[in-house]
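This report describes one protein model for a reader who is new to structures. Please keep the sequence and the 3D view open while reading.

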Amino acid sequence: MSGWGSMAARAGLVVVSAAVLAPACSLGSGTGSCSGTLNLPDCWQGPYDMHPDFFAAVPSSNGSMQIRIQHGGDNETFSDGLMILIDDVGEVRGDPTSSGASRPSLLGRSLVVTLPPGVTPPGVPITPRPTPAIVHATLYLDATCRTQNDALYAVDSCTNTMATLSCPGPSATAVDGGDGSSLIEAGPVTEGGAAGEGGSSMEAGAQEGGGGDGGSGVPAVGQSTIVFNNLFNGNPNESDASKRLTDATFDFYLADPREICSGGLGPPPPCRAHLSGNFRFYFERGRPAQPFP
C-alpha cells in the first residue's frame, strides 16, 4: 500500500484506490519550512514549527509521485512530516500525454489540495466531483503526539474550532475546541452547499459549490493550496538537473475528516491545523537498504 493508503487506513478512512509507488526515492537533502498552528486537545495546542530537514520524492510508473518533507530521516512512524501525493506529474508539468497530445502547464498556478476522490470517512458516500483535485496532503505527528490516530488531512474547507456545529436531525453535536481558544487563522469564506456537494477545482479560485456552512450558519474557513514552481518529471534516471528540481510553496488547512455529522451531512469538519511553508530539492536516486533479487 502507498504511503497515502497506509495513512488513510490508520486514520480509519475508506480507501477506494491507492497508487503503487516504486522503490526509487531521493536521498533527503534540500531546504524548506513548515510552520503554523495546531489545535489537537490530546497532543498540541498553539504555534508549531516542524523544522523540516529531510526531503524525498518517490515516483511511480503510473505517473503519480509522493513527496515527503519531514523533520529527521527516521521512519514516518517515529517522525513529524508532510506527505504530498500528486496524481499526475505530467499534468502539473504540462508534459504531453502518452498519445502525444499537448496540455497546458500548471506550474506557477495555485492548485487546490483535498482528499483523493476515492477516500471518505466511514459512512459517508462518495460524491463525484466534476474537476477533482490532483494533489493531496497528509500531516503525520508521530514524534510530537505519539498516539495511534494522529494524522490530519488537507481539505478544501473546514470550520473554525470555536464553533458549535449543529448536525441535521433531533440532536446537535458540539465540536471539542480544546481549551476554548481559537488557534486557526480565519481564511476566505467558501460559499456553497452542504459539505460533500459540488466539486474542488484544480486551480484555487475556480471552485464551484462545496464547502460552505452546510446550512448550519457556521461559515467555512480556509482552502488548502499549493504552487509548484518546478516539479521533478518522475524519471529516476533523469540526467538534466532542471528536470530533477522540485520547488513549491503551500498553505494547508488540515482536519480529521471523521469529525463530521453522521453520513457527512452538515458543515465541514473543524480545522485542526493551519500550516504554510515551502520546499526545494533535487531528486537524487538513492540505493535500497538491501539488495533485491
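## Terms and basis

A residue is called buried when its relative accessible area is under 20%, exposed when over 50%, and partly exposed in between, using a 1.4 Å probe and protein chains only. Tyr48, with a relative accessible area of 6%, is therefore buried.

The model is predicted: local features need pLDDT of at least 70, side-chain atom pairs count only at pLDDT 80 or more, and totals for chains, interfaces and linings use all residues. Residues are numbered from 1 along each chain as its sequence is written, and side-chain values use heavy atoms, leaving out hydrogens and water.

## Overall build

The protein chain contains two helices and 15 strands. Both kinds of element are DSSP runs numbered from the N terminus: helices are H or I with at least four residues, and strands are E with at least two. The chain has 293 residues, and 47% of them are buried.

Contact means heavy atoms within 4.5 Å. If one takes the contacts between residues at least 6 apart in sequence, 67% join residues at least 24 apart. The accessible surface of the chain is about 13,000 Å², and carbon and sulfur atoms account for 52% of that. Such areas come from the Shrake-Rupley method with a 1.4 Å probe, and for residues only the protein chains shown count as cover.

## Nonpolar cores

A nonpolar core is a set of buried Ala, Val, Leu, Ile, Met, Phe, Trp, Tyr and Cys residues joined through side-chain atoms within 4.5 Å. How many residues does the largest nonpolar core have? It has 39, and those with the most contacts inside it are Ile67, Leu139, Ile226, Phe228, Phe252 and Phe279. A second, separate core consists of six residues, among them Cys158, Tyr253, Ala255 and Cys271.

Phe228 can serve as an example from the largest core. Apart from neighbours within four places in sequence, the contacts of Phe228 include Ile67, Ile86, Val92, Leu107, Val135 and Phe279. Polar and charged residues are also on the list, including Arg109 and Asp247.

## Aromatic pairs

Rings of Phe, Tyr and Trp (its six-membered ring) pair if their centres lie within 6.5 Å; planes under 30 degrees apart count as stacked, over 60 as edge-to-face and the rest as tilted. The whole structure holds six such pairs. One of them joins Trp44 and Tyr48, which meet edge-to-face at 6.0 Å centre to centre, with 85° between the planes. Trp44 has 33% relative accessibility and so counts as partly exposed.

The pair of Phe232 and Phe283 is stacked, because the ring centres are 4.3 Å apart and the planes are at 10°. Phe232 lies in the loop between β13 (225-230) and β14 (245-255), and Phe283 in the segment after β15 (273-282), so the pair ties together parts that are 51 residues apart in sequence. Both residues are buried. Ring pairs also link Phe55, Phe250, Phe252, Phe279 and Phe281 into a cluster.

## Salt bridges

Side chains of opposite charge can pair when their charged atoms come close. A salt bridge is a side-chain nitrogen of Lys or Arg within 4 Å of a carboxyl oxygen of Asp or Glu. The count by this rule is six. One of them joins Asp88 and Arg103, at 3.4 Å from N to O. Asp88 is in the loop between β6 (80-86) and α2 (89-93), while Arg103 is in the loop between α2 and β7 (110-112), 15 residues apart.

Another salt bridge joins Glu259 and Arg272, at 3.1 Å from N to O. Both residues lie in the loop between β14 and β15, so the pair ties together parts that are 13 residues apart in sequence. Glu259 is partly exposed at 30% relative accessibility, whereas Arg272 is buried at 3%.

## Asp256 and His51

Asp256 is also in the loop between β14 and β15. Is this residue buried or exposed? Asp256 is buried, with a relative accessible area of 12%. Not counting residues up to four places away in sequence, Asp256 touches Leu152 and Pro269. The C-alpha atoms of Asp256 and Pro269 are 6.8 Å apart.

Most residues other than glycine have a negative phi. His51 has a positive phi, near 50°, and is found in the loop between β3 (44-49) and β4 (54-59).
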